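Me: I would like a close look at a single part of this protein, worked through slowly and with the criteria spelled out. Please take one helix and follow its residues outward to whatever they meet.

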Amino acid sequence: VVADALADPDGRVARLILSGASDQKIVEHLYLATLSRPPDGNELASSIKHLKAGNNRTERAQDLLWALLNSHAFLFNR
C-alpha cells in the first residue's frame, strides 16, 4: 500500500518532479512532510547526492521518501 502511494502519479513525489523543483527543494519538502523539520547539512548533502546518482530522478525521490518513512525519527516521533 505504501509503495503504491509513493509511486502514485498524482502523489507528492510526482508533483514535485513535474513542477521542476530543484533537488534541494525536493529534499527539503520531503523532510518537512515526513519529519516536520528541515534536513541538516549532512542529510541535505547526502540526499541530493542520492537524487543525482541515477538516471531516474523520480525513483530516487521515491527511495528517499521511503527511507524517511522507515527512519527512527519518523517511527518514534510520529
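Reply: Burial is judged here by relative accessible area, with buried meaning under 20%, exposed over 50% and partly exposed in between, for a 1.4 Å probe and protein chains only. The model is a predicted one, in which local features need pLDDT of at least 70 and side-chain atom pairs count only at pLDDT 80 or more, while totals for chains, interfaces and linings use all residues. Residues are numbered from 1 along each chain as its sequence is written, and side-chain values use heavy atoms, with hydrogens and water left out.

The part I take is helix α3, which covers residues 23-35; helices here are DSSP runs (H or I, at least four residues), numbered from the N terminus. With 13 residues, α3 reaches 18 Å from its first C-alpha to its last, close to the 18 Å expected, where the expected span is 1.5 Å times one less than the number of residues. The residue that follows α3 is Ser-36, and its phi is positive, near 60°.

The buried residues of this helix are Asp-23, Ile-26, Val-27, Leu-30, Tyr-31, Thr-34 and Leu-35. Seen down the axis of α3, these buried residues fall within an arc of 125°, so they line one face of the helix; the arc is that of the directions from the helix axis to the C-beta atoms. As a general point, an α-helix has 3.6 residues a turn, so residues three or four places apart point the same way.

Several members of that face belong to the largest nonpolar core, a nonpolar core being a set of buried Ala, Val, Leu, Ile, Met, Phe, Trp, Tyr and Cys residues joined through side-chain atoms within 4.5 Å. This core has 17 residues, and those that touch the most other members are Val-13, Ile-26, Val-27, Leu-30, Ala-61 and Leu-68. Helices α2, α3, α4 (41-52) and α5 (57-69) each supply at least two of the core residues, and the largest share, five residues, comes from α3. Leaving aside residues up to four places away in sequence, Val-27 touches Pro-39, Leu-44, Ser-47, Ile-48, Leu-51 and Leu-64, contact meaning heavy atoms within 4.5 Å.

Which residue of α2 can be followed to α3? Arg-12 lies in helix α2 (residues 12-19) and, with residues up to four places away in sequence not counted, touches His-29, Leu-30 and Ala-33. Arg-12 is partly exposed, at a relative accessible area of 35%.

The charged residues of α3 deserve their own paragraph. Asp-23 counts as buried, at 13% relative accessibility, and among the residues that Asp-23 touches are Ile-48, Leu-51 and Lys-52. The side chain of Asp-23 also makes a polar contact with the side chain of Arg-57 at 2.8 Å; a polar contact is a pair of N or O atoms within 3.5 Å, where within protein one must be able to donate a hydrogen and the other to accept it, and residues adjacent in sequence count only if both atoms are side-chain atoms. Arg-57 and Asp-23 also form a salt bridge, with the closest N and O atoms 2.8 Å apart, and because Arg-57 lies in helix α5 and Asp-23 in helix α3, the pair ties together parts that are 34 residues apart in sequence. A salt bridge is a side-chain nitrogen of Lys or Arg within 4 Å of a carboxyl oxygen of Asp or Glu, and by this rule the count comes to four. Arg-57 itself is partly exposed, at 27% relative accessibility.

Within α3, the side chains of Glu-28 and Lys-25 meet in a salt bridge of 4.0 Å, N to O; being three residues apart in the helix, Glu-28 and Lys-25 are separated by about one helical turn. Glu-28 is partly exposed at 22%, whereas Lys-25 is exposed at 53%. Salt bridges that share partners join Asp-23, Lys-52 and Arg-57 into one network.

Helix α4 completes the view, since what covers its buried residues includes α3 and α5. Those buried residues are Glu-43, Leu-44, Ser-47, Ile-48 and Leu-51, and they cover an arc of only 125° around the axis, which puts them on the same side of α4. On the other side of α4, Gly-41, Asn-42, Lys-49 and Lys-52 are exposed. At the N-terminal end of α4, Asp-40 acts as a cap, with a side-chain oxygen 3.1 Å from the backbone nitrogen of Asn-42.
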